[in-house]
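Colleague: Please take one part of this model and look at it closely, in plain terms for a first-year student. I would like to hear about the aromatic rings and what surrounds them.

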Amino acid sequence: MEKRWEKKWALICLFLFNWARNVSSLSVTVSDMECVYEYVLYEGDTISGNFVVVDHDIFWSSDHPGIDFTVTSPGGNTVHSLKGTSGDKFEFKAPRSGMYKFCFHNPYSTPETIAFYIHVGHIPTDHDLAKDEHLNPINVKIAELREALESVTAEQKYLKARDIRHRHSKLLPFSAFSLS
């Protein structure tokens with residue numbers, strides 16, 4: 001049971017590290033066309049994100065064409081496209097691994113500042129997961145840390161008990177101790 005728990009913790013830590021590594025956030029000023037690139041390791045990964053025009057030099061009226069957003073796969077195919085918007089969310093499955101291009105086009109050519117966030121999510125398959133032989137060194141280190149923590153906890157309990165004893169002995173009158 002304990003070994004299963006250790007494996008789950010190791011996988012959770014691996015997942016969180018992977019998740020944190022695959023998050024990007026930036027601000028882009030677009031005068032005409034600006035592109036951002038993100039490498040996707042695995043085919044089928046989920047690519048999600050959003051963008052919002054946060055600062056613009058002209059007042060947006062109903063006739064403003066908005067910003068165009070296009071995502072191009074490593075093979076050069078358009079995977080996702082939005083036309084004439086001030087921001088939106090997106091999500092799609094990567095048709096293949098490789099470098100993806102996220103481009104913003106501003107038809108007015110007046111500088112627009114865009115906040116852009118992207119996340120590449122990977123859910124591992126059975127063959128991607130760590131095997132017992134990969135986890136054994138980790139399990140040994142976890143056991144060593146557990147023992148070290150137990151030692152520290154025992155030392156703290158000992159010191160706390162001594163502290164209580166010393167505080168209690170100071171409360172006793174001096175005559176209670178014999179000096180013989």
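Modeller: Helices and strands here are DSSP runs, at least four residues for a helix and at least two for a strand, numbered from the N terminus. With that in hand, the order of elements from the N terminus on is α-β-β-β-β-β-β-β-β-α. That comes to two helices and eight strands. The model is a predicted one.

Now to the rings. A pair of aromatic rings is described by the distance of the centres and the angle of the planes. The structure holds eleven aromatic pairs. Take Phe69 and Phe116: the ring centres are 6.2 Å apart and the planes stand at 55 degrees, so this pair is tilted. The word follows because planes under 30 degrees apart count as stacked, over 60 as edge-to-face, and the rest as tilted. Phe69 sits in strand 4, residues 67-72, and Phe116 in strand 8, residues 112-121, so the pair ties together parts that are 47 residues apart in sequence.

Both residues can also be described by how much of them is accessible. Phe69 has a relative accessible area of 0% and is buried. Phe116, with a relative accessible area of 2%, is buried as well. The reason is the cut-off, because buried means under 20% relative accessible area.

Phe116 has a further partner. With Phe104 it forms an edge-to-face pair, 5.2 Å centre to centre and with 85 degrees between the planes. Phe104 belongs to strand 7, residues 98-105, and Phe116 to strand 8, so here the parts tied together are twelve residues apart in sequence. Phe104 is buried, at 0% relative accessibility. Phe116 thus has a ring pair with Phe69 and another with Phe104. These three rings belong to a cluster that ring pairs link together, made up of Phe51, Phe69, Phe90, Phe92, Phe102, Phe104 and Phe116.

Strand 7 also takes part in a link of another kind. A disulfide is a covalent bond between the sulfur atoms of two cysteines. The structure holds one disulfide. Its partners are Cys35 and Cys103, with their sulfur atoms 2.0 Å apart. The angle about the S-S bond is 105 degrees, and the link is right-handed. Cys35 is in strand 2 and Cys103 in strand 7, 68 residues apart, which makes this a link between distant parts of the chain. The two ends are covered to unlike degrees: Cys35 is partly exposed at 26% relative accessibility, whereas Cys103 is buried at 7%.

At the surface, Tyr37, Tyr39, Leu41, Tyr42 and Met99 make a nonpolar patch of about 520 Å². Among them, Leu41 is placed in the loop between strand 2, residues 33-40, and strand 3, residues 46-56. Leu41 is partly exposed, with a relative accessible area of 42%.

Some totals set the scene for these details. The chain has 180 residues, of which 26% count as buried. It exposes about 12,600 Å², and carbon and sulfur atoms supply 59% of that area. Among contacts between residues at least 6 apart in sequence, 77% join residues at least 24 apart.

Terms used:
Residues are numbered from 1 along each chain as its sequence is written. This is a predicted model: local features need pLDDT of at least 70, side-chain atom pairs count only at pLDDT 80 or more; totals for chains, interfaces and linings use all residues. Side-chain values use heavy atoms; hydrogens and water are left out. Rings of Phe, Tyr and Trp (its six-membered ring) pair if their centres lie within 6.5 Å; planes under 30 degrees apart count as stacked, over 60 as edge-to-face and the rest as tilted. Buried means under 20% relative accessible area, exposed over 50%, partly exposed in between (1.4 Å probe, protein chains only). Patches are made of residues with over 30% relative accessible area and no salt bridge: like charges are joined within 9 Å, nonpolar side chains (Val, Leu, Ile, Met, Phe, Trp, Tyr) within 5 Å. Accessible areas come from the Shrake-Rupley method with a 1.4 Å probe; for residues, only the protein chains shown count as cover. A salt bridge is a side-chain nitrogen of Lys or Arg within 4 Å of a carboxyl oxygen of Asp or Glu. A disulfide is a pair of cysteine sulfur atoms within 2.5 Å. Contact means heavy atoms within 4.5 Å.
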